[in-house]
Amino acid sequence: MQVLLSGLATGSIYALVAIGFTLVWQAAQTVNFAQGEFVMLPAFFVLAGVSFFGLPLWAALLLGLVASIVVLGILFKKLIVEPILPHGGITLIIATMALGILLKESVKEFYSAEAQPFASLVQSAHVDVLGAVLSLQDLVNLAISLTIVVLLTLFLNRTRTGRCMQATAQNPAVAEILGVNVKRMILYTFIINAALAALASFLITPIYLAKFSNGETLGLIAFIAAIVGGFNQIRGALVGGLLIGVLDNLTAAYVTAEYRAALPLVLLIAIILLRPQGIMGTSEGRTV
Amino acid sequence: MNMPILSVRNIEKSFGGIRAVRDVSFDVQKGEILGLIGPNGSGKSTLFNCILGQLKPEKGEVEVQGRKVSGLRASQLNKLGVGRTFQQLSVFPKMSVLDNIILAGQEHHGSMLSRLFGPSDAGLTEAAERLISFFRLDHLRDTLAGSLSYGQQKLVDAAMAFMAGPSLVLLDEPAGGVNLTMLAHLKERLVAYNAEHGTTFVVIEHNMEFVMSLCTRVIVLAEGEVIAEGTPAEIRANPKVIDAYLGGGA
């Protein structure tokens, strides 16, 4: 029980990042390989708010969220995605790899390579749930992540803007002709992706500390989670994230901690061989 | 005569050295069903795309109800009351038939705030259901559009074009790939909609029989030029049209 819930807590944060992969894929038909760094950076925005501007934690978190939306959402779309996308998806993918390196090295330059402590809004405590001793941080992370996923799903399925975003993802040319402001819908997608990355950053950094290289592993695991769950489905990213989180913890607890890093890769290979569209994904055809 | 709902004035469009559309002009009156036909390569698709703003003509103007619309985006044309259907299937495959049709009307209703956070049906469920019934798709209301047959998707496409209450609808090869039974149903519904709402249709189509039985007036293009214009009966009897289709010397 303890291992399971702890795995779900970690997995739910992977899911937030993985959902970002699927959103960007749906909006721009590309993969953002800087996604891990998108989760690393907001924590440093918060640290800047606390250490340079002397803000209390809640205000620094708010600043971090707004800065993430502006830099990783709006500016990312305007300065990188929009100019490069017409040159092809592969070009954009390579550009996101370069962006990831730039963000990582910039943070290392400004904040040093040392891991920085990152305050949590949750007290360090443990609670007893059905006989299992769980960290309060894990429980809060699980609750917040799942709430965000539910709210996002409701927004996409139950609001007009959400439907327009789905229509834009499914057929942008037709959506435009039906009066949908496709450019705005794509911008909303990038803003949501940036906000999800920031929230994942705020939840996971108190556990791993703020370090320039945090995005490497997280980005890779979330990418695999999105593929395992189904790259074109938000619920797929959720399932993929939770699955990897739980399997990772189960492997560490009952098999060996040495090979836990290999587990997502094994899962990725198995899924690509047995069900390439992912657990929840659907096959996509494309005219070439 | 009343102001035409659509005026096409001296449109010219070339691709490299090929003049695809040459000085084409015509008016469409409210309530008309105009057919735009011609053999392959006659320029009708190019003209259609110039009217819809998807291609920029080198010369000429397009007016909708007296307003110049050249350079407007597709979404802006839609808000001016111009609907269209597509040659290729254009439904949203992962949404139900009902949701597809609601989506086609929702951007014409409500404030910015209600568009952002308002309920997804935008209060349009009843209107969408009326269209579903009109096209006799009631049994498919909640079916995912992507799982429908080609002909059924064409009907959904037509219903989507009508959802915003357009005064002018441009139908791009509505008969393409549709079986005869479904085609008869589609034609009958289009005629009924035109009679009921007075909506104007401009139809671009290869299927001569479909155009001749649906349209009240037909314009024939060949090599980018208008070579004939008249009622279906006049067009059938026009030797220029027969030559253009059979490749004989005029």
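**Chain A: helix packing and the contact with chain B**

Helix α1 of chain A passes helix α10 of chain A in a right-handed crossing. By class, the residues where α1(A) meets α10(A) are 17 nonpolar, 10 polar and 1 charged. I should say now that this is a predicted model.

A word on how such a pair is described. For two packed helices, one gives the angle between their axes and the distance between those axes. Here, α1, residues 2-28 of chain A, and α10, residues 234-255 of chain A, pack at an angle of about 145 degrees. Their axes are 6 Å apart.

Now the whole chain. Chain A has 11 helices and 2 strands. Along the sequence the order is α-α-α-α-β-β-α-α-α-α-α-α-α, which puts four helices ahead of the two strands. The radius of gyration of chain A is 19 Å, close to the 19 Å given by the globule rule for 288 residues, so chain A is as compact as a globular protein of that length. The C-alpha trace of chain A spans about 55 × 50 × 35 Å along its principal axes. Of those 288 residues, 48% count as buried. Taking contacts in chain A between residues at least 6 apart in sequence, 73% join residues at least 24 apart.

Last, the contact with chain B. What does each chain put in? Chain A gives 18 residues and chain B gives 26. On the chain A side, α5 (136-158), α6 (160-170) and α7 (172-177) each supply at least two residues. The largest share, 7 residues, comes from α6(A). By class, the chain A side that touches chain B has 5 nonpolar, 9 polar and 4 charged residues.

Technical notes
Residues are numbered from 1 along each chain as its sequence is written. Chains are lettered from A and ligands numbered from 1 in the order in which they are written. This is a predicted model: local features need pLDDT of at least 70, side-chain atom pairs count only at pLDDT 80 or more; totals for chains, interfaces and linings use all residues. Axes are lines fitted to C-alpha atoms, for helices over the stretch in contact, and angles run from 0 to 180 degrees between N-to-C directions. A crossing is left-handed if the near helix is turned anticlockwise from the far one by less than a right angle, and right-handed if clockwise. Ala, Val, Leu, Ile, Met, Phe, Trp, Tyr, Cys and Pro count as nonpolar, Asp, Glu, Lys and Arg as charged, and the others, Gly among them, as polar. The radius of gyration is taken over C-alpha atoms; the globule rule is 2.2 Å times the number of residues to the power 0.38. A residue is buried if 20 or more other C-beta atoms lie within 10 Å of its own, exposed if 12 or fewer, and partly exposed in between; C-beta atoms are placed from the backbone. Two residues are in contact if their C-beta atoms, placed from the backbone, lie within 7 Å.
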